Amino acid sequence: MPKISHSALRRNFRELLAKKMCVETASVFDPMSARIAADLGFEVGILGGSVASLQVLAAPDFALITLSEFVEQATRIGRVAQLPFIADADHGYGNALNVMRTVEELERAGVAALTIEDTLLPAQFGRKSTDLISIEEGIGKVKAALEARVDPELSIIARTNAGVLPTADVIERTKAYEKAGADGICMVGVKDFEHLEQIAANLTVPLMLVTYGNPLLHDSERLASLGVRIVVAGHGAYFASIKATYDSLRAQRKLTHSTSNLSATELTHTYTLPESYVAWAEEFMDVKE
């Protein structure tokens, strides 16, 4: 299979954003999954921050993974990728200057695009875990990311949580990020098409939705008509691999107890110790849910 340059994959991604169609991402988390996704005809992949945290640390998605650890995973995928893939770069691993470093490292790793979100990460003492940074700081991060990229084909996508703010505030934020130069807007927490329509009517850049399979947003043609080009429905492939690993190792040990019926979600919950992390956050940081 002939190799495709990182720049060519980035151009492919931009062409995808320019088309009036909506596609679902493949969850790619290592070189093998990236090759499988490309062979099966997926147009784009995504390396999720939550998935990287699970794979590298066996920890829940609490912004515990470091930039270097995340870049290592992205680099492994970038070496073999035959499809453009998006890196979920969380908050850029710090302030606007950290965002610049994040862009530099992930561009070298070979990503076609990266998302930078405006969630206040890591969780701050005495704050809600869903709090957002100010619009001004979010704008600064977008501009810093654009300044840091070398290959103009690399797409910088600004992400916000549309589920924790009034719609008017979401519109204000997304319009500000578009004006700052973001190549696209990514949103999580969009409730339904009415919610999406109110936000999309104020934007001209391509949209990316993290829907987690929300059935109220399950209409690719309608999504495309509203400017949505990319949908992240979840990371089912990775969770299926957790289930397959568990079942395979159980069979090897010839175990027959009832835990054979545990789902991938239940297994992930069991082995990432989320209750411990939540308890530590509450005890040491007074983080409020």
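A residue counts as exposed when its relative accessible area is over 50%, as buried when under 20%, and as partly exposed in between. That cut-off comes up in several of the views below, which all show a predicted model.

**View 1. K254 and its positive phi.** K254 has a relative accessibility of 70%, so it's an exposed residue. You'll find K254 in the loop that runs between α10 and α11. Its phi sits near 55°, a positive value in a residue that isn't glycine. Most residues other than glycine have a negative phi.

**View 2. Y212, with another positive phi.** Here phi is near 50°, again positive and again not in a glycine. Y212 belongs to the loop between β8 and α9. With 54% relative accessibility, Y212 counts as exposed.

**View 3. The cis peptide bond between L121 and P122.** Omega for this bond is about -15°. Most peptide bonds are trans. P122 lies in the loop between β5 and α6. Keep an eye on L121, since it turns up again in View 7 among the residues closest to the centre of the largest pocket.

**View 4. R10 and D151 in a salt bridge.** Side chains of opposite charge can pair when their charged atoms come close. In this pair, the N to O distance is 3.0 Å. R10 sits in helix α1 (residues 6–18) and D151 in the loop between α6 (135–148) and β6 (155–161), so the contact ties together parts of the chain that are 141 residues apart in sequence. Both partners are buried. The whole structure holds 11 salt bridges by the same kind of search.

**View 5. Two more salt bridges, D183 with R149 and R222 with E197.** For D183 and R149, the closest N and O atoms are 2.8 Å apart. D183 is in the loop between α7 (167–179) and β7 (184–188), while R149 is in the loop between α6 and β6, so this pair bridges parts 34 residues apart in sequence. D183 has a relative accessibility of 17%, so it counts as buried. Turning to the other pair, R222 and E197 meet at 2.9 Å, N to O. R222 comes from helix α9 (residues 220–225) and E197 from helix α8 (residues 193–200), which puts them 25 residues apart. R222 is partly exposed at 36% relative accessibility, and E197 is partly exposed too, at 32%. Shared partners also link salt bridges into a network made of R14, R149, E153 and D183.

**View 6. A nonpolar patch on the surface.** M32, I36, L40 and F42 make up this patch, with about 420 Å² of accessible area together. F42 lies in the loop between α2 (31–39) and β3 (45–47). At 33% relative accessibility, F42 is partly exposed.

**View 7. The largest pocket, at about 1,200 Å³.** The lining takes in 43 residues, with P60, D61, F62, A63 and L121 closest to the centre. Elements giving two or more lining residues are α3 (49–57), β5 (113–117), β6, β7, β8 (207–210), α11 (264–272) and α12 (274–285). The largest share, seven residues, comes from α12. If you're thinking in terms of chemistry, the lining splits into 23 nonpolar, 13 polar and seven charged residues.

**View 8. The second largest pocket, with about 240 Å³ of space.** Its lining has 13 residues, and those nearest the centre are Y238, I242, T245, L267 and Y271. Two or more residues each come from α3, α10 (236–252) and α11. α10 gives the largest share, six residues. This lining has eight nonpolar and five polar residues, and no charged ones.

**View 9. The one cavity of 30 Å³ or more.** It holds about 50 Å³ of space. The lining is made by I116, E117, D118, G138, K141, V142, A158, R159 and Y177. β5, α6 and β6 each give two or more of these residues, and α6 gives the most, with three. By class, this lining has four nonpolar residues, one polar and four charged.

Technical notes:
Residues are numbered from 1 along each chain as its sequence is written. This is a predicted model: local features need pLDDT of at least 70, side-chain atom pairs count only at pLDDT 80 or more; totals for chains, interfaces and linings use all residues. Side-chain values use heavy atoms; hydrogens and water are left out. A salt bridge is a side-chain nitrogen of Lys or Arg within 4 Å of a carboxyl oxygen of Asp or Glu. Helices (H or I, at least four residues) and strands (E, at least two) are DSSP runs, numbered from the N terminus. Buried means under 20% relative accessible area, exposed over 50%, partly exposed in between (1.4 Å probe, protein chains only). Patches are made of residues with over 30% relative accessible area and no salt bridge: like charges are joined within 9 Å, nonpolar side chains (Val, Leu, Ile, Met, Phe, Trp, Tyr) within 5 Å. Accessible areas come from the Shrake-Rupley method with a 1.4 Å probe; for residues, only the protein chains shown count as cover. On a 1 Å grid over the protein atoms alone, a cavity is a set of points where a 1.4 Å probe fits but cannot get out, and a pocket is an open set with protein on both sides within 12 Å along at least five of seven lines; lining residues have an atom within 4 Å of a point. Grid points are joined across faces, edges and corners, and a volume is the space filled by probe spheres set on the points. Ala, Val, Leu, Ile, Met, Phe, Trp, Tyr, Cys and Pro count as nonpolar, Asp, Glu, Lys and Arg as charged, and the others, Gly among them, as polar.
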